[in-house]
Amino acid sequence: MNVAYLDMARGLDVAALISLGVLGLLGLIVGSLVKVKNNTTGQDEQSGLGGVEALVLVVVGGFLARTFIWLLLLPLNDVKSGAVVLGHFFFLIPAVIDDFIAIGGPRVLTSPEGLLFLATVIGAFTAMMDGVWRIHDWKGLGWLSFPLDMTWGLAGVNYGLLLHLVNFAWANHATETRHNGHRYQSGFRLKPTFAFTQGSVMSNLSDNPGTDLYRHEMTHVWQNRMFGPFYTLNYIGWMIFWLIPGLIAGATSKTATGASVGPGKGAERWCYFNCPWEVWGYAVQGQDRKAWGSELIWSAVPVIIAAIFVFGGITALCIVLYGLQL
Ligand SMILES: [Zn+2]
């Protein structure tokens, strides 16, 4: 191993350690200052305990995330090429950035050391936000939400971190506590009246806990926790798979009045409204997906059949890609 490589590896480890210290301190300060809803009185109030919770979660979360990725790296035959595959499973955005970096030189973020760095920082930052806003319910099964987000759920959490970065200064984080998810009442959205959820972060959601749309978005939070990279990659894969067929179907289909459905609406319905993860979310919400237009919306049976083929294919590809590295 050459000296430049060792220097980079050591540099990334030092950067991870410094990040942990900075995020812990930031969590301690901000967590003590931020106002959250007292579960007994219903009033918004601040408490030093929030800062302590954030500090503890930064340390535990950073450690959990780093250990999880380390355990996945451990059995790899060729740790360097395996790290590239794992990077795309769990940290897709930094991994794609690294694909461009790798054109001009060695891999940085998807090197084994880079992955450990990403896991530590993404885990610790998310844990800091979780502690600051006291989102985790430590009683009952709710306590599972934190370790799942720091391990298997990292795949969605790396997008959730971006939502935090875009939203935190202006999107009005809700003050309710212990619901196992972040809720920004405004913030990033793809359509004005639609909420947008990544990892444990729900954006542009003004509806309170327990309401129909809230339950829809929380379904996505738990889909990520349960299915990890198979949720995020199958969601993205489904959208890519149906994009062109959806555009063609929309351009060639007519509404009841004889007007064209339109390629954009066709793609939206096949890529989004027929996506099995969304069909599940809308079922929990109790919302008919045909409310936005009935053409090209499939019922449950064709959705399930398509899911078996498309999700089955993508999942098998992921397993083979990782399996080849063992
Ligand atoms: Zn949804």
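Student: Which residues of H10 are buried?
Tutor: This is a predicted model, where local features need pLDDT of at least 70, side-chain atom pairs count only at pLDDT 80 or more, and totals for chains, interfaces and linings use all residues. Residues are numbered from 1 along each chain as its sequence is written. Helix H10 (residues 263-273) has eight of its eleven residues buried (20 or more other C-beta atoms, placed from the backbone, within 10 Å of their own; helices are DSSP runs of H or I, at least four residues, numbered from the N terminus). These buried residues are Lys265, Gly266, Ala267, Glu268, Arg269, Trp270, Cys271 and Phe273.

Student: Against which helices do the buried residues of H10 pack?
Tutor: Helix H10 is mostly covered. Its buried residues pack (C-beta atoms within 7 Å) against helix H9 (229-252) and helix H11 (276-285).

Student: Which helix gives the most to the largest nonpolar core?
Tutor: The largest nonpolar core (buried Ala, Val, Leu, Ile, Met, Phe, Trp, Tyr and Cys residues joined through C-beta atoms within 7 Å) has 41 residues. Helix H1 (3-33), helix H2 (48-73), H3, helix H5 (112-132), helix H6 (145-150) and H7 each supply at least two of them. The most, 13 residues, come from H5.

Student: Which residues does Val58 touch, not counting those up to four places away in sequence?
Tutor: Val58 is one of the residues with the most contacts inside the largest core, along with Ile122 and Met128. With residues up to four places away in sequence left out, Val58 touches Leu20, Leu23, Gly24, Gly27, Ala124, Ala127, Met128 and Gly131.

Student: How many residues does the second, separate core have?
Tutor: Ala267 is one of the buried residues of H10. Along with Tyr231, Leu233 and Tyr235, Ala267 is included in the second core, whose residues number twelve.

Conventions: Helix = DSSP H or I, 4+ residues; strand = E, 2+ residues; numbered from the N terminus. Contact = placed C-beta atoms within 7 Å.
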